[in-house]
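Got your viewer open and a selection box ready? Let's take a short walk from one helix pair to the next, with a few side chains along the way.

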Amino acid sequence: MYNLVMKDLKLGVNPWFFALPFILGGLMLIPGWVYFLVPLYFCFLTVPNMFGGFKSQNDLMFSTMMPVTKTDIVKSRITVVVILELMHLVIAMIFSIFTFRLYPHLNYIFYPPHMGFWGLCFIMLAIFNILFISMYYKTSYKYGAATTASTTAAILFAGGAQWLGIQNSWVNNIFYGSGTDNTALQLSILIAGIIIFIACTLIAYKIAVKRFLKVEIL
């Protein structure tokens, strides 16, 4: 499985996608921006282009010719996706530290990038993963519908969460008001988001393996 991951990282994934998290992370420095868009660009740009590249390279046929199991093929591909997702999130989180230092007294309309906000981002990508991965491995090469459905779901979650943050006083207080100074609360939301991300990705992996085992590769 390790060799499959390295194959994807060195040969299958365009180096541009490793630089993209640093470029998009810089968007966190825009004062008061819609910061949900930073991890969403992973869904908009990285996934369709990366999986389009795999398809054009006939990567599936090449992988099945190697002395590996179908389970390892799925596991390695999901590992690569998660690595890139974590790069996008962690680098954006680092940039957000500078955001608070640059604009200490900024009045935010959209969510400020506190720890709780990143917990929501983990949940958003969890939703993306469980839909994209499970749908994609029905065929293991048709990625268009899977990308559209999963990205749409992620956008709806981000939009709904942001709407609640503006309209609901309780949620607003957590992400804008006194709740932002409650480190335990913010950390709890972040940890909950990470747990949901891990759980959904593992569920997606199990569904993907079951579906991929039924796929006939000509």
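Here is a tour of helix packing, cysteines and one further residue.

Before you click, note that this is a predicted model, in which local features need pLDDT of at least 70, side-chain atom pairs count only at pLDDT 80 or more, and totals for chains, interfaces and linings use all residues. Residues are numbered from 1 along each chain as its sequence is written, and side-chain values use heavy atoms, with hydrogens and water left out.

**Stop 1: α3 and α6**

Select residues 37–56 (helix α3) and 115–136 (helix α6): their axes lie 11 Å apart and the packing angle is about 25°. That makes α3 roughly parallel to α6 (angles under 35 degrees earn that label). The helices are DSSP runs of H or I with at least four residues, numbered from the N terminus. Axes are lines fitted to C-alpha atoms over the stretch in contact, and angles run from 0 to 180 degrees between N-to-C directions. The crossing of α3 past α6 is right-handed, a term for a near helix turned clockwise from the far one by less than a right angle.

Now show side chains. On α3, pick Pro-39, Leu-40, Phe-42, Cys-43, Val-47 and Phe-51; they meet Cys-121, Met-124, Leu-125, Phe-128, Phe-132 and Tyr-136 of α6. Contact here means heavy atoms within 4.5 Å. The residues of this contact divide into twelve nonpolar, no polar and no charged (Ala, Val, Leu, Ile, Met, Phe, Trp, Tyr, Cys and Pro are nonpolar; Asp, Glu, Lys and Arg are charged; the others, Gly among them, are polar).

**Stop 2: the cysteines**

Stay on Cys-43. How many disulfides does the structure hold? Zero, with a disulfide defined as a pair of cysteine sulfur atoms within 2.5 Å. The closest cysteine sulfur to that of Cys-43 is in Cys-121, 10 Å away and too far for a bond. Cys-43 is buried at 1% relative accessible area (buried is under 20%, exposed over 50%, partly exposed in between, with a 1.4 Å probe and protein chains only).

**Stop 3: Ile-196**

Finally, move to helix α9 (residues 183–212) and select Ile-196. Is Ile-196 buried or partly exposed? Partly exposed, at 34% relative accessibility. Beyond its neighbours within four places in sequence, Ile-196 touches Ile-123 and Ala-126. Try a C-alpha to C-alpha distance for Ile-196 and Ala-126: 6.6 Å, across 70 residues of sequence.

Terms used. Helices (H or I, at least four residues) and strands (E, at least two) are DSSP runs, numbered from the N terminus. Angles under 35 degrees count as roughly parallel, over 145 as roughly antiparallel, 65 to 115 as roughly perpendicular and the rest as oblique.
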